[in-house]
Amino acid sequence: MGEPSDKRPVINEEECTGCGLCVDVCEQGVLDLSDDVCTIVDMENCTGCGDCAEECPTEAISME
Ligand code: SF4
Ligand code: SF4
């Protein structure tokens, strides 16, 4: 698991295929799929670890 940071995931919906890998990898339950697009449902629990961005095969998530 990545180190906590102040960065937070930003999702490029154009690049998201709805594969759900990021949802599965996030242990904090921050992400979920809505209409087959990744959405942030609980940003308050995000640790900024970056695991979701690393897991995304289309680089639809950037940590900013
Ligand atoms: S950065 Fe980490 S805690 Fe935040 S949404 Fe991604 S996997 Fe979850
Ligand atoms: S891993 Fe990437 S492509 Fe897959 S649902 Fe998440 S943001 Fe979308």
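## Two ligand shells, a hairpin and a nonpolar core

The shell around ligand 2 is made up of nine nonpolar and four polar residues, with no charged ones. The structure described here is a predicted model. The shell around ligand 1 includes one charged residue, next to eight nonpolar and four polar ones. The table sets out the two surroundings.

| Ligand | Residues around it | Closest residues | Classes in the shell |
|---|---|---|---|
| ligand 1 | 13 residues | C26, C46, C49, G50 and C52 | eight nonpolar, four polar, one charged |
| ligand 2 | 13 residues | C16, C19, G20, C22 and C56 | nine nonpolar, four polar, no charged |

Some of these residues return in the nonpolar core. The largest such core has 14 residues, and C22, L31, C38 and I61 touch the most other members. Strand 3 and helix 2, which covers residues 51-55, each contribute at least two residues to this core. In general, nonpolar side chains in soluble globular proteins tend to be buried together.

I61 can be followed further. Apart from neighbours within four places in sequence, I61 is in contact with P9, V10, I11, C22, C52, A53 and C56. Among these contacts, C22 and C56 are also listed with the residues that come nearest to ligand 2, while C52 is one of the closest to ligand 1.

The strands form a separate topic. Strand 2 (residues 31-34) and strand 3 (residues 37-40) run antiparallel and are joined by four bridges. Within this pair, D32 stands opposite T39 of strand 3. The two strands make a hairpin with two residues between them. One residue in the turn, D35, has a positive phi of about 55°.

Notes
Residues numbered from 1 in each chain as written. Chains lettered and ligands numbered in written order. Predicted model: local features only at pLDDT ≥ 70, side-chain atom pairs only at ≥ 80, totals over all residues. Heavy atoms only, no water. Near = heavy atom within 4 Å. Nonpolar A, V, L, I, M, F, W, Y, C, P; charged D, E, K, R; others polar. Pairing = 2+ DSSP bridges. Core = buried A, V, L, I, M, F, W, Y, C linked by side-chain atoms within 4.5 Å. Buried < 20%, exposed > 50% of the residue type's maximum accessible area, 1.4 Å probe, protein only. Contact = heavy atoms within 4.5 Å.
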